[in-house]
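Open the model in your viewer and keep the sequence panel beside it. This tour goes from the whole chain to single residues.

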Amino acid sequence: AVSQCEMDHDALLLKMGKVERIFGQAPIELVEKKFILFTPFRAGFFRWLEGVLGWLPLGAQYYVAAKR
């Protein structure tokens, strides 16, 4: 999606491991990391499935959360 979006023409995509290393060098505590699998369905089963598969890099999206 990023490669096709004019607004993101100069975006720098970082892999989760790179973000973890950057966070590891800062005086912060890593709180959570998770891959995000978006499905077009909002039914309970699919929401549950997204939560269960957060460890598996099936999609391009992820988040890394930290706190001071």
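Start with a cut-off you will need later: a residue counts as buried when its relative accessible area is under 20%, as exposed when that area is over 50%, and as partly exposed in between. Keep in mind that this is a predicted model.

**Stop 1: the whole chain**

Select the protein chain and show it as a cartoon. You should find two helices and two strands. Trace the chain along its sequence, and the order reads α-β-α-β.

Now rotate the view along the principal axes. The C-alpha atoms fill a box of roughly 40 × 30 × 15 Å. The radius of gyration is 14 Å, whereas a compact globule of 68 residues would have a value near 11 Å.

**Stop 2: surface and charges**

Turn on the surface. Its accessible area is about 5,800 Å², and carbon and sulfur atoms hold 61% of that. What share of the 68 residues is buried? The figure is 12%.

Next, colour by charge. There are 9 positive and 7 negative charges, and the mean positions of the two sets lie 7 Å apart.

**Stop 3: confidence**

Colour by pLDDT. The chain averages 85, and 99% of the residues score at least 70. Which element has the highest mean, and which the lowest? Helix H1 (residues 16–24) is at the top with 91, and helix H2 (residues 44–52) is at the bottom with 83.

**Stop 4: Glu50**

Stay with helix H2 and select Glu50, which is part of it. Is Glu50 buried or exposed? Its relative accessible area is 16%, so Glu50 is buried by the under-20% cut-off.

Show what surrounds this side chain. Beyond its neighbours within four places in sequence, Glu50 contacts Leu37, Phe38, Thr39 and Arg42.

**Stop 5: Ile36**

Move to strand S1, residues 29–36, and select Ile36. The relative accessible area of Ile36 is 26%, so this residue is partly exposed.

Which residues does Ile36 touch, leaving out those up to four places away in sequence? They are Gly59, Gln61, Tyr62 and Tyr63.

Then draw a distance from Ile36 to Phe23. The two are 13 residues apart in sequence, and their C-alpha atoms are 19 Å apart in space.

**Last stop: contacts across the chain**

Zoom out and show contacts between residues at least 6 apart in sequence. Of these, 59% join residues at least 24 apart.

How values were computed: Residues numbered from 1 in each chain as written. Predicted model: local features only at pLDDT ≥ 70, side-chain atom pairs only at ≥ 80, totals over all residues. Heavy atoms only, no water. Helix = DSSP H or I, 4+ residues; strand = E, 2+ residues; numbered from the N terminus. Rg over C-alpha atoms; globule rule 2.2 N^0.38 Å. Buried < 20%, exposed > 50% of the residue type's maximum accessible area, 1.4 Å probe, protein only. Contact = heavy atoms within 4.5 Å. Areas by Shrake-Rupley, 256 points an atom, 1.4 Å probe, with all protein chains shown as cover. Lys, Arg positive; Asp, Glu negative; His and termini not counted. Charge placed at Lys NZ, Arg CZ, Asp CG, Glu CD. pLDDT = per-residue confidence, 0-100.
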